[in-house]
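The following note is intended for a colleague who meets this structure for the first time. Please keep the sequence and the model in view while reading the points in turn.

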Amino acid sequence: MKFAVISDLHANFPALTAVLKDLPSIDGIICCGDFVGYYPDVNEVCDEVRKLGVQAVRGNHDAYVTKHLVPRPDRAEAYKSDWTRETLSSDNYRWLNCLPVELKFSFDELLITVRHANFFDEEKYLYPDSPEFDQIDLKENEIVFFGHTHHPMKIKAGQGLIVNPGSVGQPRDWNPDASYAIIDTFNQEVEFRRVSYAVTEFQDRLRKMNWDINVINILSRRKVTDEK
């Protein structure tokens, strides 16, 4: 079977729309959480993923909104947790509130685990050089999907794989294109994909809404390369 794996949508509906248009033929969509936080399209994003029957776990920003976790006070304005809670429809809030912390699937003898950040909690970042990898020993037929860092990643852990599809709504790897992954469970192959969308138009809308300038600017960050 073939699945799209998305994460960290962060209420950015233009980015999600671009990813959905880019999808090849798939059997379903899996999400590693963070449907909300940072950006304003909270109901549009939740309505769309619910309509599509996305299999999902909650992210830390989803948990801030539902009060399963408490955000840092100094980040409250950027996170928009209170604003999101007040803006979400009652149906979308109930859906967000019921998302699990972990999902497990088995397809084509491949065992798939989905969490937002890591195996240990819902907020610690897991990068390729994180010491927590020493505590993870997967079997050959195991693959784990995490999000949270907003950086695409594929790394060995024991005999298995840990994959981060990157972020749809707020990439942080200095490439503004929305990021996601495709998993072919039969071949156990992972493909990373990037999709452009109208970032500048989205930023203009956010400025008119008096959104946090740093949250706006991160959307268009690019690596600076030296030209000879």
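1. Is Glu48 buried or exposed? The model under review is a predicted one, and in it Glu48 has a relative accessible area of 17%. Buried means under 20%, so Glu48 counts as buried. The residue belongs to helix 2, which covers residues 42–52. Leaving aside neighbours within four places in sequence, Glu48 is in contact with Phe13, Leu16 and Leu20.

2. A second residue to inspect is Asn92, located in helix 6 (residues 90–97). Its relative accessibility is 0%, and therefore Asn92 is classed as buried. When residues up to four places away in sequence are not counted, Asn92 touches Asn43, Cys46, Asp47 and Arg50. A further distance concerns Glu44: 48 residues separate Asn92 from Glu44 in sequence, while their C-alpha atoms lie 9.8 Å apart in space.

3. The aromatic side chains deserve separate attention. The count comes to 10 aromatic pairs. One of them joins Phe35 and Trp95 in an edge-to-face arrangement, with 4.9 Å from centre to centre and 65° between the planes. This pair links distant parts of the chain, since Phe35 lies in the loop between strand 2 (28–31) and helix 2, whereas Trp95 lies in helix 6, 60 residues apart. Both partners are buried: Phe35 has a relative accessibility of 0%, and Trp95 has a relative accessible area of 19%.

4. The pair formed by Tyr125 and Tyr127 is stacked, with 6.1 Å from centre to centre and 15° between the planes. Tyr125 is partly exposed, at a relative accessible area of 34%. Tyr127 is likewise partly exposed, at 31% relative accessibility.

5. Which residues form one aromatic cluster? The members are Tyr38, Tyr39, Tyr64, Tyr79 and Phe202.

6. Two placements of a charge over a ring should also be noted. The charged end of Lys80 sits over the ring of Trp211, at 4.3 Å from the ring centre. For Arg221, the charged end sits over the ring of Trp174, at 4.0 Å from the centre of that ring.

7. In what order do the strands of the open sheet lie? The sheet is formed by 5 strands in the order 4-5-6-8-7, and their pairing is mixed. Its edges are strand 4 (103–107) and strand 7 (152–157), each of which pairs on one side only. On average, neighbouring strands of this sheet are turned by 20° against each other, direction ignored.

8. At one edge of that sheet, strand 7 pairs with strand 8 (residues 160–165) in the antiparallel sense, over 6 bridges. Within this pairing, Met153 stands opposite Asn164 of strand 8.

9. Strand 9 (residues 178–184) and strand 10 (residues 189–195) also run antiparallel, joined by 7 bridges. Across the pairing, Tyr180 stands opposite Arg193 in strand 10. The two strands form a hairpin with 4 residues between them. In the turn, Gln188 has a positive phi of about 55°.

10. In review, several points may be checked directly in the display. These include the buried residues Glu48 and Asn92, the edge-to-face pair of Phe35 and Trp95, and the hairpin of strand 9 and strand 10.

Technical notes
Residues are numbered from 1 along each chain as its sequence is written. This is a predicted model: local features need pLDDT of at least 70, side-chain atom pairs count only at pLDDT 80 or more; totals for chains, interfaces and linings use all residues. Side-chain values use heavy atoms; hydrogens and water are left out. Two strands pair if DSSP finds at least two bridges between them. Axes are lines fitted to C-alpha atoms, for helices over the stretch in contact, and angles run from 0 to 180 degrees between N-to-C directions. Buried means under 20% relative accessible area, exposed over 50%, partly exposed in between (1.4 Å probe, protein chains only). Contact means heavy atoms within 4.5 Å. Rings of Phe, Tyr and Trp (its six-membered ring) pair if their centres lie within 6.5 Å; planes under 30 degrees apart count as stacked, over 60 as edge-to-face and the rest as tilted. A charge sits over a ring if NZ of Lys or CZ of Arg is within 6 Å of the ring centre and within 35 degrees of the ring normal.
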